[in-house]
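Please open the structure in your viewer and keep the sequence panel beside it. The stops below are meant to be selected one after another.

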Amino acid sequence: MPSAIDLDQINLAAYIDHSLLDPFATEKQVDQWCEEADQYKFASVCVYPVHVRLAAERLHNRRPQVCTVIGFPTGATTPAVKLYEAQEAAENGATELDVVINLGWLRRGNTDALCRELAEIYDATGLTLKAILETTQLTEPEKRLAAEVCLDAGVQFLKTSTGWRGGATVEDVRLLKEVGGDRVGIKASGGIRTIQHALDLIVAGATRLGTSRGVDLMQQLEEFEPT
(Lines give C-alpha, C1' and ligand atoms only; values in the text may rest on other atoms or scores of the structure.)
Protein backbone atom coordinates (compact mmCIF):
# COMPACT_ATOMS: atom_id res chain seq x y z
CA MET A 1 0.00 0.00 0.00
CA PRO A 2 1.47 3.42 -0.89
CA SER A 3 2.45 5.82 1.88
CA ALA A 4 1.73 8.90 -0.22
CA ILE A 5 -0.30 9.98 -3.23
CA ASP A 6 1.18 11.17 -6.50
CA LEU A 7 -1.51 13.62 -7.59
CA ASP A 8 -0.37 13.32 -11.20
CA GLN A 9 -1.15 9.60 -11.11
CA ILE A 10 -4.56 9.66 -9.41
CA ASN A 11 -7.98 10.27 -10.93
CA LEU A 12 -9.85 11.45 -7.83
CA ALA A 13 -13.17 11.71 -9.64
CA ALA A 14 -13.16 7.97 -10.34
CA TYR A 15 -13.19 7.31 -6.59
CA ILE A 16 -16.24 9.41 -5.79
CA ASP A 17 -19.76 8.15 -5.20
CA HIS A 18 -21.58 11.49 -5.47
CA SER A 19 -24.13 11.02 -2.69
CA LEU A 20 -27.51 12.68 -2.26
CA LEU A 21 -28.96 10.99 0.81
CA ASP A 22 -30.92 13.90 2.26
CA PRO A 23 -34.48 12.67 2.94
CA PHE A 24 -35.72 16.07 1.72
CA ALA A 25 -33.92 15.84 -1.63
CA THR A 26 -35.96 17.01 -4.62
CA GLU A 27 -36.02 15.90 -8.24
CA LYS A 28 -34.26 19.14 -9.12
CA GLN A 29 -31.40 18.18 -6.81
CA VAL A 30 -31.22 14.69 -8.33
CA ASP A 31 -30.91 16.34 -11.74
CA GLN A 32 -28.12 18.55 -10.41
CA TRP A 33 -26.22 15.62 -8.87
CA CYS A 34 -26.48 13.66 -12.10
CA GLU A 35 -25.25 16.60 -14.15
CA GLU A 36 -22.30 17.08 -11.80
CA ALA A 37 -21.47 13.38 -11.83
CA ASP A 38 -21.47 13.38 -15.62
CA GLN A 39 -19.42 16.57 -15.78
CA TYR A 40 -16.70 15.31 -13.45
CA LYS A 41 -17.01 11.63 -14.44
CA PHE A 42 -17.61 10.45 -10.89
CA ALA A 43 -17.89 6.72 -10.23
CA SER A 44 -21.57 6.95 -9.35
CA VAL A 45 -24.49 8.96 -8.09
CA CYS A 46 -25.87 7.48 -4.87
CA VAL A 47 -29.54 8.28 -4.19
CA TYR A 48 -32.46 6.88 -2.23
CA PRO A 49 -34.49 4.14 -3.95
CA VAL A 50 -37.32 6.59 -4.69
CA HIS A 51 -34.96 8.52 -7.00
CA VAL A 52 -33.34 5.57 -8.79
CA ARG A 53 -35.54 5.63 -11.88
CA LEU A 54 -34.95 9.35 -12.41
CA ALA A 55 -31.19 9.01 -11.93
CA ALA A 56 -31.08 6.06 -14.33
CA GLU A 57 -32.90 8.10 -16.97
CA ARG A 58 -30.56 11.06 -16.54
CA LEU A 59 -27.40 8.94 -16.62
CA HIS A 60 -28.41 6.56 -19.41
CA ASN A 61 -25.35 5.78 -21.55
CA ARG A 62 -23.20 8.00 -19.31
CA ARG A 63 -20.16 6.90 -17.33
CA PRO A 64 -21.43 7.30 -13.74
CA GLN A 65 -23.21 4.30 -12.25
CA VAL A 66 -26.53 4.55 -10.41
CA CYS A 67 -26.12 3.52 -6.80
CA THR A 68 -28.81 3.25 -4.14
CA VAL A 69 -29.07 2.28 -0.49
CA ILE A 70 -30.89 -0.76 0.89
CA GLY A 71 -32.14 -1.06 4.47
CA PHE A 72 -30.82 2.44 5.06
CA PRO A 73 -29.83 3.73 7.56
CA THR A 74 -30.44 1.09 10.28
CA GLY A 75 -30.23 -2.26 8.50
CA ALA A 76 -32.99 -3.51 10.78
CA THR A 77 -35.65 -4.31 8.18
CA THR A 78 -36.44 -7.94 7.43
CA PRO A 79 -34.56 -9.94 4.79
CA ALA A 80 -37.71 -10.09 2.64
CA VAL A 81 -38.07 -6.31 2.68
CA LYS A 82 -34.41 -5.77 1.83
CA LEU A 83 -34.64 -8.30 -0.98
CA TYR A 84 -37.72 -6.66 -2.46
CA GLU A 85 -36.15 -3.21 -2.13
CA ALA A 86 -33.02 -4.44 -3.91
CA GLN A 87 -34.96 -6.15 -6.71
CA GLU A 88 -37.13 -3.08 -7.28
CA ALA A 89 -34.03 -0.88 -7.38
CA ALA A 90 -32.49 -3.19 -9.97
CA GLU A 91 -35.66 -3.06 -12.08
CA ASN A 92 -35.63 0.74 -11.89
CA GLY A 93 -32.07 0.95 -13.18
CA ALA A 94 -29.72 0.77 -10.19
CA THR A 95 -26.38 -0.86 -10.92
CA GLU A 96 -24.85 -0.72 -7.43
CA LEU A 97 -26.45 -1.46 -4.04
CA ASP A 98 -25.15 -0.19 -0.69
CA VAL A 99 -26.76 -2.54 1.85
CA VAL A 100 -26.75 -1.84 5.58
CA ILE A 101 -26.03 -5.07 7.40
CA ASN A 102 -28.21 -6.24 10.29
CA LEU A 103 -26.13 -5.00 13.21
CA GLY A 104 -28.30 -6.74 15.78
CA TRP A 105 -27.59 -10.09 14.14
CA LEU A 106 -23.89 -9.29 14.10
CA ARG A 107 -23.82 -8.43 17.78
CA ARG A 108 -25.78 -11.57 18.70
CA GLY A 109 -23.46 -13.74 16.61
CA ASN A 110 -26.15 -14.70 14.10
CA THR A 111 -23.65 -14.67 11.29
CA ASP A 112 -25.35 -17.35 9.19
CA ALA A 113 -28.46 -15.19 8.78
CA LEU A 114 -26.33 -12.13 8.09
CA CYS A 115 -24.38 -13.93 5.36
CA ARG A 116 -27.52 -15.45 3.84
CA GLU A 117 -29.31 -12.10 3.65
CA LEU A 118 -26.49 -10.51 1.65
CA ALA A 119 -25.94 -13.56 -0.53
CA GLU A 120 -29.64 -13.71 -1.46
CA ILE A 121 -29.61 -10.06 -2.53
CA TYR A 122 -26.55 -10.63 -4.68
CA ASP A 123 -27.92 -13.83 -6.20
CA ALA A 124 -31.26 -12.17 -7.00
CA THR A 125 -29.86 -9.01 -8.58
CA GLY A 126 -26.30 -9.74 -9.73
CA LEU A 127 -25.43 -6.11 -8.99
CA THR A 128 -22.34 -4.69 -7.35
CA LEU A 129 -22.94 -5.04 -3.62
CA LYS A 130 -21.40 -2.78 -0.98
CA ALA A 131 -21.98 -3.94 2.60
CA ILE A 132 -22.27 -1.04 5.07
CA LEU A 133 -20.75 -2.08 8.40
CA GLU A 134 -21.27 1.10 10.50
CA THR A 135 -17.74 0.73 11.83
CA THR A 136 -17.97 3.63 14.27
CA GLN A 137 -20.40 1.58 16.35
CA LEU A 138 -18.40 -1.66 16.38
CA THR A 139 -15.52 -3.03 18.41
CA GLU A 140 -12.45 -4.15 16.49
CA PRO A 141 -13.38 -7.86 16.79
CA GLU A 142 -16.88 -7.01 15.52
CA LYS A 143 -15.44 -5.10 12.57
CA ARG A 144 -13.26 -8.05 11.62
CA LEU A 145 -16.11 -10.51 12.03
CA ALA A 146 -18.49 -8.34 9.99
CA ALA A 147 -15.93 -7.99 7.21
CA GLU A 148 -15.29 -11.75 7.06
CA VAL A 149 -19.02 -12.58 6.96
CA CYS A 150 -19.59 -10.07 4.17
CA LEU A 151 -16.69 -11.51 2.21
CA ASP A 152 -18.21 -14.98 2.58
CA ALA A 153 -21.49 -13.59 1.22
CA GLY A 154 -19.75 -12.45 -1.97
CA VAL A 155 -19.92 -8.68 -1.66
CA GLN A 156 -17.74 -6.55 -3.91
CA PHE A 157 -17.11 -3.73 -1.40
CA LEU A 158 -16.83 -3.25 2.34
CA LYS A 159 -18.21 0.18 3.27
CA THR A 160 -17.40 1.91 6.54
CA SER A 161 -20.48 3.92 7.40
CA THR A 162 -23.91 5.28 6.63
CA GLY A 163 -22.74 8.70 7.81
CA TRP A 164 -25.65 8.87 10.24
CA ARG A 165 -23.65 7.65 13.26
CA GLY A 166 -20.16 8.90 12.54
CA GLY A 167 -18.02 8.75 9.45
CA ALA A 168 -15.01 7.22 7.81
CA THR A 169 -11.68 7.03 9.59
CA VAL A 170 -8.27 6.17 8.24
CA GLU A 171 -7.90 3.51 10.94
CA ASP A 172 -11.09 1.70 9.93
CA VAL A 173 -10.16 1.79 6.25
CA ARG A 174 -6.78 0.27 7.08
CA LEU A 175 -8.46 -2.47 9.12
CA LEU A 176 -10.93 -3.35 6.36
CA LYS A 177 -8.12 -3.37 3.83
CA GLU A 178 -6.14 -5.69 6.09
CA VAL A 179 -9.06 -8.12 6.32
CA GLY A 180 -10.23 -7.85 2.72
CA GLY A 181 -6.88 -7.59 1.00
CA ASP A 182 -7.32 -7.53 -2.76
CA ARG A 183 -10.55 -9.52 -2.66
CA VAL A 184 -12.86 -6.50 -2.38
CA GLY A 185 -12.97 -2.75 -2.74
CA ILE A 186 -13.18 -0.50 0.30
CA LYS A 187 -15.68 2.34 0.36
CA ALA A 188 -15.03 5.08 2.92
CA SER A 189 -18.14 7.10 3.61
CA GLY A 190 -19.29 9.81 5.99
CA GLY A 191 -17.70 13.12 6.95
CA ILE A 192 -15.32 13.41 3.99
CA ARG A 193 -15.14 17.19 3.64
CA THR A 194 -11.51 17.99 2.83
CA ILE A 195 -9.17 16.90 0.08
CA GLN A 196 -6.54 15.93 2.66
CA HIS A 197 -8.98 13.56 4.39
CA ALA A 198 -9.98 12.07 1.03
CA LEU A 199 -6.37 11.45 0.03
CA ASP A 200 -5.51 10.00 3.44
CA LEU A 201 -8.36 7.52 3.05
CA ILE A 202 -7.14 6.52 -0.40
CA VAL A 203 -3.62 5.99 0.91
CA ALA A 204 -5.11 3.78 3.66
CA GLY A 205 -6.79 1.59 1.05
CA ALA A 206 -10.10 3.18 0.07
CA THR A 207 -11.14 2.54 -3.53
CA ARG A 208 -14.39 4.52 -3.31
CA LEU A 209 -15.34 7.65 -1.38
CA GLY A 210 -18.98 8.25 -0.50
CA THR A 211 -19.55 11.97 -0.09
CA SER A 212 -22.05 14.70 -0.85
CA ARG A 213 -19.12 17.08 -1.38
CA GLY A 214 -17.67 15.62 -4.54
CA VAL A 215 -17.71 18.89 -6.45
CA ASP A 216 -16.15 20.72 -3.51
CA LEU A 217 -13.38 18.12 -3.30
CA MET A 218 -12.60 18.49 -7.00
CA GLN A 219 -12.39 22.25 -6.56
CA GLN A 220 -10.14 21.85 -3.50
CA LEU A 221 -7.90 19.55 -5.51
CA GLU A 222 -7.13 22.33 -7.99
CA GLU A 223 -5.53 24.40 -5.24
CA PHE A 224 -4.15 21.60 -3.10
CA GLU A 225 -0.48 21.54 -2.13
CA PRO A 226 0.65 18.29 -0.47
CA THR A 227 2.37 18.68 2.88
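Helices and strands are named here as DSSP runs, a helix needing at least four residues and a strand at least two, and they are numbered from the N terminus. Please keep in mind throughout that this is a predicted model.

**The whole chain**

Begin with the complete chain in cartoon view, where the secondary structure comes to 9 helices and 8 strands. The radius of gyration is 17 Å, close to the 17 Å that the globule rule gives for 227 residues, so the chain is as compact as a globular protein of that length. Along the principal axes, the C-alpha atoms fill a box of roughly 50 × 40 × 30 Å. Of the 227 residues, 53% count as buried, and if you switch on a surface, the chain exposes about 10,600 Å², of which carbon and sulfur atoms supply 47%. Among contacts with a separation of 6 or more, 70% are made by residues 24 or more positions apart. Colouring by charge brings up 22 positive and 33 negative charges, whose mean positions are 3 Å apart.

**Strand β1**

Select residues 16-20, which form strand β1, and centre on I16 within this strand. Is I16 buried or exposed? With a relative accessible area of 0%, I16 is buried. Leaving aside neighbours within four places in sequence, show what I16 is in contact with: F42, A43 and S44 on the one hand, and L209, T211, G214, L217 and M218 on the other. For a sense of scale, draw a distance from the C-alpha atom of I16 to that of E134, which is 118 residues apart from I16 along the chain; the two atoms are separated by 19 Å.

**Helix α1 and the loop after it**

Move on to residues 27-40, helix α1, and pick out D38. D38 is buried, with a relative accessible area of 17%, which is under the 20% limit used for that word. Apart from residues up to four places away in sequence, D38 touches L59, R62 and P64.

Next select K41, in the loop between α1 and β2 (44-47). K41 is not a glycine, yet its phi is near 60°, a positive value, and with a relative accessible area of 35% the residue is partly exposed.

**Two more loops to check**

A further backbone feature of this kind is at N61, in the loop between α2 (52-58) and β3. N61 has a positive phi of about 65° although it is not a glycine, and at 72% relative accessible area N61 is exposed.

Then go to P73, in the loop between β3 (65-70) and α3 (79-91). Which form does the peptide bond from F72 to P73 take? That bond is cis, with omega near 5°.

**The nonpolar cores**

Now show the side chains of L97, I101, L118, L133, L201 and L209, which touch the most other members of the largest nonpolar core, a set of 69 residues. A second, separate core of 8 residues can be coloured differently; Y48, C67, F72 and V100 are included in it. In soluble globular proteins, nonpolar side chains tend to be buried together.

**Helices α7 and α8**

Select residues 170-180, helix α7, and display its buried residues, V170, D172, V173, L175, L176, V179 and G180. What covers them includes α6 (140-153), β6 (157-159), β7 (185-189) and α8. Just after α7, G181 takes a positive phi of about 55°.

Finish on helix α8, residues 195-204, where I202 is placed. Of the 10 residues of α8, 8 are buried, so this helix is largely enclosed by the rest of the structure. The buried residues are I195, H197, A198, L199, L201, I202, V203 and A204, and their cover includes α7, β7, β8 (208-211) and α9 (214-223).

Two of these residues deserve a closer view. L201 touches A168, T169, V170, V173, A188, I192, A206 and L209, not counting residues up to four places away in sequence. I202 counts as buried at 7% relative accessibility, and its C-alpha atom is separated by 21 Å from that of L97, 105 residues apart along the chain. As a last selection, take G205 just after α8, which has a positive phi of about 130°.

Definitions and conventions: Residues numbered from 1 in each chain as written. Predicted model: local features only at pLDDT ≥ 70, side-chain atom pairs only at ≥ 80, totals over all residues. Heavy atoms only, no water. Core = buried A, V, L, I, M, F, W, Y, C linked by side-chain atoms within 4.5 Å. Buried < 20%, exposed > 50% of the residue type's maximum accessible area, 1.4 Å probe, protein only. Contact = heavy atoms within 4.5 Å. Rg over C-alpha atoms; globule rule 2.2 N^0.38 Å. Areas by Shrake-Rupley, 256 points an atom, 1.4 Å probe, with all protein chains shown as cover. Lys, Arg positive; Asp, Glu negative; His and termini not counted. Charge placed at Lys NZ, Arg CZ, Asp CG, Glu CD.
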